[in-house]
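Work through the exercises below with the sequence and the 3D view open. Each task is followed by a stepwise solution.

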Amino acid sequence: MAVDKKTQKYDRQLRLWQAHGQAALERAHVCLVNGTATGTEVLKNLVLPGVGAFTVVDGSTVTPADIGNNFFVKPAHLGQNRAKVVSALLGELNEDVDARFVAEDVAELVHRNPAFFHAFSLVVVTGRVPMPTLLALDAECWPRGIPLLVLRNAGFAASLRSVLRAHHVVELHPDSPARDLRLADPWPELVAFVDGFKDFDAMSSAELTHVPYPVILLRVYRQWRAKVGNDAPNSGFRAYLTAEKERHAERLVAVVTAQLQKDAKADGGAAGDVSEAALATATATTSDLENWDEAIANAYHAYSRPSVDSAVTKLFEYLPAADAGEDAATSESTESKLADLVAPEAAASGGVMSTRPATFWSLVGALRAFLAQSGGQLPLRGVVPDMKADTTTYVAMQRTYRAKAAADLASLRALLKPITVGGVTATPDAVDDDALAQFARNANYLRLVTTPSLRDEYTRAHPDRVRDLTSEMPANELAVLVLFRAVDYFYAAHRRWPGDHAEEFDGDAAQLRIAVRDALRALAHGAPLPAEIASGDAAVAEPSPSAADTPIPTPSINLDDWVHEFVRAGPAELHGVAAYMGGVAAQEAIKLITSQYLPMAGTYVYNAIASQSSVIA
């Protein structure tokens, strides 16, 4: 069968997020703020796999510094608008991608036309952006559920802050997904399938060595229970199963030995004339009960009922309470916690992501009702693992599991009810069969990821971070986070970034140390944002608290080394760090766009000096 060009082009990534993930990526429109070295590396890693469109917002012109660290500008571009230059060169990487640009400073754009950012699937901020502008972007993105990724660089240090009001994950892709064989609580068709096998003691070697291990487990467990009663602990089942395997192996060896002796007599010899080599070969072949070894390794499936993950049951807390006489899923949502989780602004944005929450929560409501009807059992995945069995038997068992999975899927669809989330109503008809099947297969791996807004993070206290900073072995990555916050205080006081002018190194270092004290004080006690950070208007915002009113924690780590690094680096971005962070951010962006894999919830900090990184919640 001929493979289409798109499949050939994106073959490797389709193995990771499949066709529906690729379709989500191709529908996405990503906004990049500032075409810096880090920003272009992020977009490069999204353009190559085929993101639908991107828009670069940047009012800067190309400088010699850009030529030194950014592969998407050339010397001939000096003095030209950077957004125009990088968008053109990035667009050349993939003809399927729509490349756009806006030659305007983001601070002016978000003030003049804040609704511009509402239509994007994702907004990525790179470069030195003052905190008032970041907070303005945060105010446009966070209420509407538009993911915001903020990347910051300073020499050998970098950070990535993911701002997610409510992001749901349907396909978690766990490394070792649990097998759901339902042997502890089999449905009638599975029992009938198992009962269709003849007695194990009557089976030949060829028959017994090709019985699927779920059949062995279900039958032998019932046999064991009949002997020991229902009160015996399950811990004794594995030993009994092992003994049964050994008994059958001895039985089969005895049968083969008797047949060899019979054949020897038929050839005119004595019964004892069977050669040791022939006997050893026959014995080894007969006693190779690999399927029984599989059964022993999976013995717990015979008595262990799959449990519903606590992260899944926690999702039900966001749904409205079910009426006693109605199904759990209901059309009323205004009084539920969903009203706080997904605001009406999300629907007003009209972005690619805006229809997802309602569909997701409609499915979650149906899942809650399904669990109530099934006695706490999730929809069967219908996936049968590889095992030793003959083809005919394996296919028949596979059909039994798939039929049950299809029946559960039909029951789940019947439980779908309309639900309104963020101003968008999802009706049962809006849930297509593929989405329903994906949801059912991954019902025990659903996740909801939320983070505070940037404003909330900057105004509240963080005693856990202070505790870590003052511990005996504080992490260098937490020190980097403090310095990035101090840089905002420095800019608020001086209207420039530390290290902008090499001749002012000592003075900038001294002033940055003062800003570090302000950052530490805010971490410990929380504080209104400094006037310049909050709005740029000292007459509007409250002043920050004074040092006399609030004590400053003393970190166990020497922050002065990082002060010197931040001032030394100034506004420069090292391309090695930019490339690394571009890969990290693009990976997170793809997770968010496809709703697959678990994104980082918090701030990712990279210390390139020590080649260490960590996520700070």
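## Exercise 1: Helix 18 and helix 19

Helix 18 (residues 391-414) packs against helix 19 (residues 433-441) at an angle of about 110°, and their axes are 10 Å apart. The model is a predicted one.

**Task.** Classify the packing of helix 18 and helix 19, give the handedness of the crossing, and list the residues that meet.

**Solution.**
- Step 1. Take the angle of about 110°. The range from 65 to 115 degrees counts as roughly perpendicular. Helix 18 and helix 19 are therefore roughly perpendicular to each other.
- Step 2. Assign the hand. The crossing of helix 18 and helix 19 is right-handed.
- Step 3. Find the contacts. Helix 18 contributes Leu409, Leu412 and Arg413. Helix 19 contributes Asp433, Leu436, Ala437, Phe439 and Ala440.
- Step 4. Sort by class. The contact of helix 18 with helix 19 has six nonpolar residues, two charged ones and no polar ones.

## Exercise 2: Helix 22 and helix 23

**Task.** Describe how helix 22 (residues 476-494) and helix 23 (residues 505-525) cross, and sort their contact residues by class.

**Solution.**
- Step 1. Describe the geometry. The two axes come within 8 Å and cross at roughly 115°.
- Step 2. Assign the hand. The crossing of helix 22 and helix 23 is right-handed.
- Step 3. List the helix 22 side: Val482, Leu483, Arg485, Ala486, Val487, Tyr489, Phe490 and His494.
- Step 4. List the helix 23 side: Asp508, Gln511, Leu512, Ala515, Val516, Asp518, Ala519, Leu520, Ala522 and Leu523.
- Step 5. Sort by class. This contact of helix 22 with helix 23 holds 13 nonpolar, two polar and three charged residues.

## Exercise 3: The whole chain

**Task.** Summarise the protein: its helices and strands, its buried share, its contacts and its accessible surface.

**Solution.**
- Step 1. Count the elements. The protein has 26 helices and twelve strands.
- Step 2. Get the buried share. Of 617 residues, 51% count as buried.
- Step 3. Look at contacts with a separation of 6 or more. Residues 24 or more positions apart make up 74% of them.
- Step 4. Take the surface. About 27,500 Å² is accessible, and carbon and sulfur atoms hold 53% of that area.

## Exercise 4: Covered helices

**Task.** Which residues are buried in helix 5 and in helix 25, and which elements do the buried residues pack against?

**Solution.**
- Step 1. Start with helix 5 (residues 82-91). This helix is mostly covered, with eight of its ten residues buried.
- Step 2. Name them: Arg82, Ala83, Val85, Val86, Ser87, Leu89, Leu90 and Gly91.
- Step 3. Find their partners. The buried residues of helix 5 pack against helix 3 (37-47), strand 2 (53-57), helix 4 (64-69) and strand 3 (98-102).
- Step 4. Turn to helix 25 (residues 560-569). Its buried residues are Trp562, Val563, Glu565, Phe566, Val567 and Ala569.
- Step 5. Find their partners. The buried residues of helix 25 pack against strand 5 (148-154), strand 6 (157-163), helix 22, helix 23 and strand 11 (603-607).
- Step 6. Check the end. Just after helix 25, Gly570 has a positive phi of about 60°.

## Exercise 5: Leu241 and Val615

**Task.** Are Leu241 and Val615 buried or partly exposed, and which residues do they contact beyond four places in sequence?

**Solution.**
- Step 1. Place Leu241. It lies in helix 11 (residues 237-266).
- Step 2. Apply the cut-off. Buried means under 20% relative accessible area. Leu241 has 0% relative accessibility, so it counts as buried.
- Step 3. List its contacts: Ile216, Leu217, Val220, Trp292, Ala295, Ile296 and Ala299.
- Step 4. Check a pair. Leu241 and Tyr221 are 20 residues apart along the chain, and their C-alpha atoms are separated by 8.1 Å.
- Step 5. Place Val615. It is in strand 12 (residues 612-616). Val615 has a relative accessible area of 42%, so it is partly exposed.
- Step 6. List its contacts: Met600, Ala601, Thr603 and Tyr604.
- Step 7. Check a pair. Val615 and Ser159 are 456 residues apart along the chain, with C-alpha atoms separated by 9.4 Å.

## Exercise 6: Positive phi

**Task.** Where do Asn34 and His173 lie, and what is phi for Asn34 and for His173?

**Solution.**
- Step 1. Asn34 lies in the loop between strand 1 (29-33) and helix 3. Its phi is near 80°, a positive value in a residue other than glycine. Asn34 is buried, with a relative accessible area of 10%.
- Step 2. His173 lies in the loop between strand 7 (167-169) and helix 8 (188-195). Its phi is near 55°, again positive in a residue other than glycine. His173 is partly exposed, with a relative accessible area of 26%.

Technical notes. Residues numbered from 1 in each chain as written. Predicted model: local features only at pLDDT ≥ 70, side-chain atom pairs only at ≥ 80, totals over all residues. Heavy atoms only, no water. Axes fitted to C-alpha atoms, helices over the stretch in contact; angles between N-to-C directions. Helix = DSSP H or I, 4+ residues; strand = E, 2+ residues; numbered from the N terminus. Parallel < 35°, antiparallel > 145°, perpendicular 65-115°, else oblique. Left-handed = near helix turned anticlockwise from the far one by under 90°. Contact = heavy atoms within 4.5 Å. Nonpolar A, V, L, I, M, F, W, Y, C, P; charged D, E, K, R; others polar. Buried < 20%, exposed > 50% of the residue type's maximum accessible area, 1.4 Å probe, protein only. Areas by Shrake-Rupley, 256 points an atom, 1.4 Å probe, with all protein chains shown as cover.
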